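Biologist: Can you pull up the model? I'd like to go through it with you.

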Amino acid sequence: MKSKVMERFKETRLVCLLLFLTLSVDLGFAFGQNKDTEFTFLLPAGATECFFQTTTQNGSMEVEYQVIAGSGLDIGFTLISPRGYRLVSDFRKSDGIHTVDPTEEGDYRICFDNSFSRISEKMVYVEVIVDGPEDEDEDDEDWAALAEPEDSLEYKLEDIRDTMDAVHKNLERSRQLQTTLRTFETRDRYLLEDNLWRVSFWSSVSLLVMVSVALTQVYTLRRLFSDKHRVCT
């Protein structure tokens with residue numbers, strides 16, 4: 001009886017060790033290949049700004065942009081490949097999401113154009129997500145090395161790996177959605193503040209005009225009914 005308990009305890013310890021190694025290896029692969037870049041910049045009126053993103057062969061890249069402040073909330077967007085081909089061209093749009101899959105090895109050029117606006121500058125939020133190529137063969141060899149002790153309490157390392165990959169992808173997607181929602185909130189706040197300034201300004205102008213008209217009418221009526229000429233009898 002004791003021998004069975006000890007054997008089961010050793011199997012449990014072995015499974016825990018395998019789970020720990022699984023977590024370490026999987027998280028290392030998951031977070032090591034994903035490169036996220038997000039920033040906000042101010043694009044002057046009548047200007048064009050370009051950024052460069054380095055990628056590897058057979059990877060994937062996702063570019064998301066959104067105008068969060070500025071008159072019209074629109075901007076031009078261009079994505080150019082390392083060979084010089086224009087992959088995406090947007091004209092006067094407020095936001096957009098574009099994916100390149102697979103990518104080429106080299107520097108992609110990401111350009112934002114505000115040359116059509118001569119007065120208003122634009123505040124633009126940009127997020128670039130770059131994923132490296134999936135080395136499935138190398139991953140399978142590493143997992144095969146970890147899976148040498150088989151039939152340990154009927155745990156399947158491949159199932160655990162698939163579950164962890166799904167959880168990681170869902171977490172990344174949730175983070176991207178939260179970032180997008182925060183960007184929408186920022187843009188709406190800027191829009192509300194700009195509208196508040198306009199409403200306050202024109203309300204003040206309207207009030208000033210109304211007061212001026214009222215004073216003018218009172219003065220005109222008083223002039224009509226005031227008789228300064230005296231009649232001698």
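Modeller: Here we talk about a sheet, a surface patch and a record entry. The model is predicted: local features need pLDDT of at least 70, side-chain atom pairs count only at pLDDT 80 or more, and totals for chains, interfaces and linings use all residues. Residues are numbered from 1 along each chain as its sequence is written, and side-chain values use heavy atoms, without hydrogens and water.

Biologist: In what order do the four strands of the open sheet come?

Modeller: The order is β2-β7-β4-β5, with antiparallel pairing. Strands are DSSP runs of E, at least two residues, and helices are runs of H or I, at least four, numbered from the N terminus. Two strands pair if DSSP finds at least two bridges between them.

Biologist: Which strands stand at the edges?

Modeller: β2 (48-55) and β5 (86-93) do. Each has a single partner strand, so one side of each lacks a neighbour in the sheet.

Biologist: How many bridges join β4 to β5?

Modeller: Five, and β4 covers residues 75-80. Leu79 has Val88 in β5 as its bridge partner.

Biologist: New topic. Where is Phe201?

Modeller: Phe201 sits in helix α3 (residues 157-225).

Biologist: Is Phe201 buried or exposed?

Modeller: Phe201 is partly exposed, because its relative accessibility is 39%. Buried means under 20% relative accessible area, exposed over 50%, and partly exposed lies in between (1.4 Å probe, protein chains only).

Biologist: What does UniProt place at residues 201-221?

Modeller: The unreviewed UniProt entry gives "transmembrane region" there. UniProt annotations may be inferred rather than shown by experiment. In the model, residues 201-221 are 100% helix and 0% strand. Their end C-alpha atoms are 31 Å apart.
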